[in-house]
Amino acid sequence: MQMSEFYFEPLYKNMIRSVLEYAIPIYHEEGSKTKDFDKIQNKGLRIAMGYRTTTPINVMHAKAGLMRIQQRVELLAERYNIRQIAGKKSEENINLLENRIFKREERFKEEWDDYTFTNAILTEEGKIKQRNNSINDHTLMNIIREKLRIKENKPTIIFIDGSKAEEGRANEIGIITKENDCWKEEGISIDNRMSIYTTEAIALSKSMEKAKQEYPNKAVIILSDSESVIKAITKGFPKKGENSWIIKIMKQPKNCCKRRQNNREGGHRLGIAWIPAHMGIEGNERADRIAKEKTRNDHYIEFKIPEEDLIRNAEEEAWKRSRNKNKEEGTHKGIKYLNSGVSNNNKKTPWFTTVSSLERKSIVTLSRIRVNHYNLNESLERKNLVNSAECECGHGVQDIDHVIWQCPMNEEQRRILENQLEHRGIDRGVPVMDILKANQPANLRLIAAFINKLGRTI
């Protein structure tokens, strides 16, 4: 039974690379050991993906969406350090992280006044507005107020939003307060290593503090367009590995609930609700505008970064270094591939993950074509494996475009392929690489089927 191509990479990662990585930070001190691991991974890639020995190593890693060994080692060491510090299992003095990372043992025991009862909701009316904007803002606000059991007719409304910054800039938080028809705007800049999820959670946490400190005797409704954050805090307890800021937010309502569960006649003083983004809700639009401004360095605040965000950031940096290594080597190896439209260098998965119905033989063939290292004379002659690039039919160059569109030896199969591609809007003679760039599964299957019918290994 032939194993699908889709299982080769997971098989390598789980059964081979996992063994290589055992104590690899120690082995890494000896440079020769890392080179040995490189050779094992390169060999595994050639077997799994079916690449010829002439295929450059940087191209193979890019096509497979696999991190280079050197960067993988650095990531494992960095991830270990982060977890040791976050769990207080190590006495290593890494001040930068020690001062800015949440500890897993940290407990949030902030006490609110006895009249506070916090509730968080996602309303079906908000979903309806998101779908077709058939509910006006005033009606939606009244429904939210009623479902939150806010008794005041004109509670203070706080709209919040967060944005993930481009590289080199800080993340931004917008907090907009509406009180008695007057608007107040506040922008906060935070570390761009924070995920958008963490950024939105910090915005909610800060707005809860704002409600307590600035409006101690008023009902307050906090409105966020982050559905994921609101969903997280509506659960009864945090899931394993939950973001530290979400845990902080959840513990505040929990403490309040214990005190007020038998005394609700006065209604809730603080409520949190989700609203849809970009639907013309004025406060949300204002918060979104503030969150997207990039010039608020005078309001920069250093919040502690959750462990999971530091690990995610370390992974992204490792991937970036791995991809840059592929590009650097691409100045003299795999130049044509890395500059082509079929390069997979920015992906973390193999190129064929979107075409799961293809059998291994077809994926291997298409992989070789995409990297321009295949068993046709034009490619073989470039590597001095044959003396001539000429086709058996007498044509001067035997490349993939010639085999599919021109070679008279394949006329019968070509007529079938042309009809099939024509029905899909592809004209005769279109460069095969252009068809592969589009990555349309049906077209890839047609090309692979044509090559398989030729009875030759490409």
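**Exercise 1. A residue of helix H1**

Does Met-15 count as buried or exposed? Determine this for the predicted model shown above, and then place Met-15 in its surroundings.

*Solution.* Step 1. The relative accessibility of Met-15 is 57%. The term "exposed" applies over 50%, and therefore Met-15 counts as exposed.

Step 2. Met-15 belongs to helix H1, which covers residues 8–20.

Step 3. Together with Leu-11, Ile-16 and Ile-40, Met-15 makes a nonpolar surface patch of about 350 Å². Helix H1 gives the most to this patch, namely three residues.

**Exercise 2. A residue of helix H3**

Find the degree of burial of Asn-42 and name the residues that it touches beyond four places in sequence.

*Solution.* Step 1. Asn-42 is located in helix H3, which comprises residues 31–49.

Step 2. Its relative accessible area is 12%. Buried means under 20%, so Asn-42 is buried.

Step 3. When residues up to four places away in sequence are left out, Asn-42 touches Ile-57, Met-60 and His-61.

**Exercise 3. Strand E5 and its partners**

Describe the surroundings of strand E5 and identify the strands with which it pairs.

*Solution.* Step 1. Strand E5 consists of residues 220–224, and five of its five residues are buried, so the strand is largely enclosed by the rest of the structure.

Step 2. In a regular strand, side chains alternate between the two faces of the sheet. In E5, Val-220, Ile-222 and Ser-224 point one way, whereas Ile-221 and Leu-223 point the other way. The residues on both sides are buried.

Step 3. Strand E2 (residues 156–163) runs parallel to E5 and is joined to it by five bridges. Within this pairing, Phe-159 has Leu-223 of E5 as its bridge partner.

Step 4. Strand E6 (residues 270–274) also pairs with E5 in the parallel sense, over five bridges. Here Val-220 has Leu-270 of E6 as its bridge partner.

**Exercise 4. Three salt bridges**

The structure holds 24 salt bridges. For three of them, state the atomic distance, the location of the partners and their accessibility.

*Solution.* Step 1. Glu-209 and Lys-206 form a salt bridge whose closest N and O atoms are 3.4 Å apart. Both residues lie in helix H9 (residues 196–214), three residues apart, which is about one turn of the helix. Glu-209 is buried at a relative accessible area of 16%, while Lys-206, at 22%, counts as partly exposed.

Step 2. The side chains of Glu-418 and Arg-428 meet at 2.4 Å, N to O. This pair links distant parts of the chain: Glu-418 is in helix H18 (residues 411–423), and Arg-428 is in the loop between H18 and helix H19 (432–438), 10 residues apart. Glu-418 counts as buried, with 19% relative accessibility.

Step 3. Arg-286 and Glu-282 meet in a salt bridge of 3.1 Å, N to O. Helix H12 (residues 282–291) contains both, four residues apart, or about one turn of the helix. Arg-286 is partly exposed at 22%, and Glu-282 is partly exposed at 41%.

**Exercise 5. The protein as a whole**

Summarise the overall composition and exposure of the protein.

*Solution.* Step 1. The protein has 20 helices and six strands.

Step 2. Of its 458 residues, 50% are buried.

Step 3. The exposed area is about 23000 Å², of which carbon and sulfur atoms supply 48%.

Step 4. Consider contacts between residues at least 6 apart in sequence: 69% of these join residues at least 24 apart.

Terms used. Residues numbered from 1 in each chain as written. Predicted model: local features only at pLDDT ≥ 70, side-chain atom pairs only at ≥ 80, totals over all residues. Heavy atoms only, no water. Patch = residues over 30% accessible without salt bridge, like charges linked within 9 Å, V, L, I, M, F, W, Y side chains within 5 Å. Areas by Shrake-Rupley, 256 points an atom, 1.4 Å probe, with all protein chains shown as cover. Salt bridge = Lys/Arg side-chain N within 4 Å of Asp/Glu carboxyl O. Helix = DSSP H or I, 4+ residues; strand = E, 2+ residues; numbered from the N terminus. Buried < 20%, exposed > 50% of the residue type's maximum accessible area, 1.4 Å probe, protein only. Contact = heavy atoms within 4.5 Å. Pairing = 2+ DSSP bridges.
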